[in-house]
Amino acid sequence: MVVRPDAAQTRLIGSHVAEVARRTPRRIAVVEGGRRIDYGELDREVHRVARGLIALGVDRGDVVTIELPNWWETNVVIHAVLRIGAIPNPVVPIYRDREMRFIIAQARPKVVVVPQIFRGFDFLDMLDRLTSGATAGSSDAPTVVVVRPDGAVPAHVLTYDDLPLGDDASVDAAAGAAAADDIALLLYTSGTTADPKGVLHDHHTLDHENRSIIELFRLGHESTVFMGSPVTHITGFLYGVLLPPMLGATAVLLDVWEPNGARGLIDAESCRFTVGATPFLQGLTDVYDESGAPCPLHVFACGGADVPSALVRRARSVLDATVVRVYGSSEFPTVTCSGPDDDEHLAADTDGRPIGTQIECRIDEPDTDGVGELLARGPELFLGYLDAALDADAFVEDRWFRTGDLASIDAEGAVTIRGRSKDIIVRGGENISAKEIEDLLYVHPAVREVAVVAMADPVMVERACAFVVTEPGVHLELPELVDFLDQHRLARQKFPERLVLVDELPKTASGKVQKFVLRARLARPPDPTAQKDPIE
């Protein structure tokens, strides 16, 4: 049974900004959109926004929902919420009415912070739709704060720059009352199948998670962090918001992912550390390979979605960096990972070993190949869901967490994820792993991205369908894929029996393919006139 540390052993996760500001106020804290903000300015802004939140009635334990891009203000707001003992509820800015309606109804935030317009979407208009049944200022209507307003805003909406100011003593009192056992994060999962689930972390879990990463990769104040993943996703929140102040390092933020823009920032700021999903690693590897220029990165930990072994090997060569697969989730941010001293096989072909000495992994009911559902437990494990009714399915005895992923563990303790426990194609009574097929198809020179899903069949129950994004200008036919898999000696019953070419795969903010969208596409009749199938 994992023993949680007592409060005296855990630093409050939001305390580091003020400490670095006192020690080295001129050190750059955040670089974003042409702004360079030092720790002194960051601390002053955090304090100002904290006063504003208190003036708006936010108390210890209240929720503040933050649906913002990777802007410097996002880091400020998150740290301001933590400073007064409230609960940050970061939400990825791709969420729209359906997800936000659910989150606001369940989390009941006191304040919601959004941009006015981002990537052509009007967030204020969305919130007006969602709160139209509530009276502004009533207990069931959150106060709306807009960051970087684009023109006039409604009278009931406050702007980031014009927040009311509470008094300093209230901020100090709130900060002094905060405790390590307080909830320090309410984060909704990406929702690949159904309504998102509200994940709860406290200061213990977040502190231990980041410290394990600091120790594994030997990070310090010189370890400038590049963050292209949303800072309102678990990856960006941990490593783009919380980690840099723990190191006294700089966070370099990119609000709209674009590989060449990312490379420009990484080069200009000499970024050394990043964590991101497969598309980020693919994009950076491509642009550095094309340019032939050296990459300043020392570490790229890639996770959040399936990471092909071939991509890790290529990236390690092109970037000349420690590129490793990392496995985790919103509930358990980092379960396994390889380190700088591990060999390429461990980094590329497995998802690494459990980090540190306190994380435990085991396989539940393994089959003859040693594959079964991965169970894990350790200090980083979340406390439970906001909807406690979901906890029963999430844990087994002694707080082993059911990851929902199929895995195997080798003799050296390395974990290899084999696919989702529900990501199985049942063909004629035989279970077929979609990931096994995907890993092979990814190596095909015409395949840029691939997702294999089950399609209903009246005879075999299910057959495999491959959705493929091809390399630019390349056409692909199903017989080519079949021949390719045959050359790799894959059992013929595992071959995809339909190929759908698409321009892109639907993904969550973490880069996970939303296979339920693909399955829904298969349930509709195909358009015989379409060159590529649209994914809605």
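This is a walk through the cavities, aromatic pairs, one enclosed helix and two unusual loop residues of a predicted model.

Let's start with the empty spaces inside. A search of the whole structure turns up four cavities of 30 Å³ or more. The largest holds about 80 Å³ of space. Its lining is made up of 12 residues, and the closest to the centre are Val 92, Tyr 95, Leu 187, Tyr 188 and Thr 232. Sorted by class, that lining has seven nonpolar and five polar residues, with no charged ones.

Next comes the second largest cavity, at about 40 Å³. Its lining includes Tyr 39, Asn 75, His 79 and Pro 244. If you want to find it by secondary structure, look for β1 (28-32), α2 (39-55), α3 (72-83) and α8 (234-247), the elements that each give two or more residues to this lining. Helix α8 gives the most, with four residues. Here the split is eight nonpolar to three polar, again with no charged residues.

Now for the aromatic rings. A pair of rings is described by the distance of the centres and the angle of the planes. The count for this model comes to 11 aromatic pairs. Take Trp 257 and Phe 280: their ring centres are 4.7 Å apart and the planes stand at 85 degrees, so this pair is edge-to-face, the cut-off being over 60 degrees. Trp 257 sits in the loop between β13 (251-253) and α9 (259-269), while Phe 280 belongs to helix α10 (residues 278-291), so to speak a link between distant parts of the chain, 23 residues apart. The two partners also fall into separate burial classes: Trp 257 is partly exposed at 26% relative accessibility, whereas Phe 280 is buried at 11%.

A stacked pair is formed by Phe 382 and Phe 395, with centres 5.4 Å apart and planes at 20 degrees. Phe 382 comes from the loop between β20 (372-377) and β21 (384-385), and Phe 395 from strand β22 (residues 395-396), 13 residues apart. Both of these rings belong to buried residues. They are also part of an aromatic cluster, together with Tyr 385 and Phe 401.

Rings have charged company elsewhere. The charged end of Arg 96 sits over the ring of Phe 121, 3.8 Å from its centre. Likewise, Arg 148 lies over the face of Trp 71, at 4.2 Å from the ring centre.

Moving along to helix α14 (residues 434-442), seven of its nine residues are buried, so the rest of the structure largely encloses this helix. Lys 435 and Glu 438 are among those buried residues, alongside Ala 434, Ile 437, Leu 440, Leu 441 and Tyr 442. The N-terminal end of α14 is capped by Ser 433, which places a side-chain oxygen 3.3 Å from the backbone nitrogen of Lys 435.

Finally, a look at backbone angles. Most residues other than glycine have a negative phi. Arg 108 goes against that, with a positive phi of about 50 degrees although it is not a glycine. You'll find Arg 108 in the loop between α4 (97-107) and β5 (111-115), and at 57% relative accessibility it counts as exposed. Asp 320 also has a positive phi of about 50 degrees without being a glycine. Asp 320 lies in the loop between α11 (309-319) and β16 (322-327), and it counts as exposed too, at 66% relative accessibility.

Key:
Residues are numbered from 1 along each chain as its sequence is written. This is a predicted model: local features need pLDDT of at least 70, side-chain atom pairs count only at pLDDT 80 or more; totals for chains, interfaces and linings use all residues. Side-chain values use heavy atoms; hydrogens and water are left out. On a 1 Å grid over the protein atoms alone, a cavity is a set of points where a 1.4 Å probe fits but cannot get out, and a pocket is an open set with protein on both sides within 12 Å along at least five of seven lines; lining residues have an atom within 4 Å of a point. Grid points are joined across faces, edges and corners, and a volume is the space filled by probe spheres set on the points. Ala, Val, Leu, Ile, Met, Phe, Trp, Tyr, Cys and Pro count as nonpolar, Asp, Glu, Lys and Arg as charged, and the others, Gly among them, as polar. Rings of Phe, Tyr and Trp (its six-membered ring) pair if their centres lie within 6.5 Å; planes under 30 degrees apart count as stacked, over 60 as edge-to-face and the rest as tilted. Buried means under 20% relative accessible area, exposed over 50%, partly exposed in between (1.4 Å probe, protein chains only). A charge sits over a ring if NZ of Lys or CZ of Arg is within 6 Å of the ring centre and within 35 degrees of the ring normal. A polar contact is a pair of N or O atoms within 3.5 Å; within protein, one must be able to donate a hydrogen and the other to accept it, and residues adjacent in sequence count only if both atoms are side-chain atoms.
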